[in-house]
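Notebook open, coffee at hand. I want to go through this model piece by piece and jot down what I look up.

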Amino acid sequence: MMILGRSVYNLEDSPARRVALHDAEGRPIPGVFALMRLLPKAITEKMLKPAVRKAKGKDEDAAEEAILRWMREHVSKALVDTEGGFGWAFDDAEGVKAYAPFFAGLTVGEGVTFDSKWTEALKERFFIDNPAVVGLFLDAYKRLAEIGGREREEEEAKKESPSLAG
């Protein structure tokens with residue numbers, strides 16, 4: 001049997017894979033990883049359609065917002081957790097107020113780790129507030145997808161190699 005590709009129908013069936021996070025310049029952030037899963041094609045297409053429709057329209061602001069929303073939704077669904085100390089500090093009272101529901105006892109200037117704290121509500125809030133971070137996770141997802149593609153190609157090459165039994 002030749003495996004031509006991989007798919008999952010349920011997001012929960014897609015295993016999380018460890019991917020190094022890179023900074024905005026593309027350098028690995030030492031010891032910090034995202035646990036991400038590849039999304040089923042049906043989910044990505046469903047999320048992408050509204051963004052594509054808006055992008056084809058004449059309203060550039062609406063198109064940009066639709067693309068940003070797609071990026072946030074995509075990363076939110078793909079991100080399972082982080083490892084190694086994905087840390088963040090909130091340097092003002094407004095930030096502390098906004099994130100206190102997610103981090104008990106949070107104080108101004110205090111650093112917290114998001115590792116094992118990611119909930120859907122935290123992702124939604126944090127990704128709206130920090131679009132540059134969405135880009136870091138989207139970069140990790142793209143690298144994960146490339147790894148998956150290479151693995152499929154390697155698997156296919158192994159299946160196609162001539163047998164010595166001939």
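**Entry 1: the pocket.** I started with the second largest pocket, keeping in mind that this is a predicted model. I listed its lining: Met47, Arg72, Glu73, Ser76, Lys77, Glu120, Lys123, Glu124, Phe127 and Ile128. Two elements give two or more residues each to that lining, namely α2 (60–78) and α4 (120–129). Which of the elements gives the most to the lining? I found that α4 does, with five residues. I then sorted the lining by class and got six charged, three nonpolar and one polar residue. For the space in this pocket I noted about 180 Å³.

**Entry 2: the chain as a whole.** I stepped back to look at the secondary structure, and the protein chain has five helices and five strands. Going along the sequence, I wrote the pattern down as β-β-α-α-β-β-α-β-α-α. The protein chain has 166 residues, and 34% of them count as buried. I also looked at contacts with a separation of 6 or more: in the protein chain, 63% of these are between residues 24 or more positions apart.

**Entry 3: the sheet.** Next I traced an open sheet of three strands, and its order is β1-β2-β3 with antiparallel pairing. Why is one side of β1 and of β3 left without a neighbour in the sheet? Both β1 (17–22) and β3 (79–83) stand at the edges with a single partner strand each, so there is nothing in the sheet on the other side. I noted the turn between neighbouring strands too: 35° on average, with direction ignored.

**Entry 4: β1 against β2.** I followed this antiparallel pair and it has five bridges. Towards one end I have Arg17 opposite Met36 of β2, and I also have His22 opposite Pro28 of β2. The hairpin of β1 and β2 has five residues between the strands, and there I spotted Gly26 with a positive phi near 90°.

**Entry 5: β2 against β3.** How many bridges join β2 to β3? I get four, between strands that run antiparallel, with β2 covering residues 28–36. Ala34 has Thr82 in β3 as its bridge partner. Met36 turned up again here, standing opposite Leu79 in β3. So my notes now have Met36 opposite Arg17 and also opposite Leu79. I then looked for a helix against this sheet: α2 packs on it and touches β2 and β3, and the direction of α2 makes about 70° with that of β3. That is the α2 I had already met in the lining of the second largest pocket.

**Entry 6: Arg143.** I picked this residue out of helix α5, residues 131–160. Is Arg143 buried or exposed? The relative accessible area is 18%, so Arg143 counts as buried, the cut-off being under 20%. I checked what Arg143 touches, leaving out residues up to four places away in sequence, and wrote down Val19, Ala20, Leu21 and His22. For Ala20 I also took the C-alpha to C-alpha distance to Arg143: 9.2 Å in space, with their positions 123 residues apart in sequence. His22 in this contact list is the residue I had placed opposite Pro28.

**Entry 7: Ser116.** I went to the loop between β5 (111–113) and α4, where Ser116 has its place. Ser116 is not a glycine, yet I read a positive phi of about 65° for it. Its relative accessible area is 65%, so I put Ser116 down as exposed.

**Entry 8: Ala93.** My last stop was Ala93 in helix α3, residues 93–99. With 55% relative accessibility, Ala93 counts as exposed, since the cut-off for that word is over 50%. I also checked Ala93 against Gly109: they are 16 residues apart in sequence, and their C-alpha atoms are 9.2 Å apart in space.

Notes. Residues are numbered from 1 along each chain as its sequence is written. This is a predicted model: local features need pLDDT of at least 70, side-chain atom pairs count only at pLDDT 80 or more; totals for chains, interfaces and linings use all residues. Side-chain values use heavy atoms; hydrogens and water are left out. On a 1 Å grid over the protein atoms alone, a cavity is a set of points where a 1.4 Å probe fits but cannot get out, and a pocket is an open set with protein on both sides within 12 Å along at least five of seven lines; lining residues have an atom within 4 Å of a point. Grid points are joined across faces, edges and corners, and a volume is the space filled by probe spheres set on the points. Ala, Val, Leu, Ile, Met, Phe, Trp, Tyr, Cys and Pro count as nonpolar, Asp, Glu, Lys and Arg as charged, and the others, Gly among them, as polar. Two strands pair if DSSP finds at least two bridges between them. Axes are lines fitted to C-alpha atoms, for helices over the stretch in contact, and angles run from 0 to 180 degrees between N-to-C directions. Contact means heavy atoms within 4.5 Å. Buried means under 20% relative accessible area, exposed over 50%, partly exposed in between (1.4 Å probe, protein chains only).
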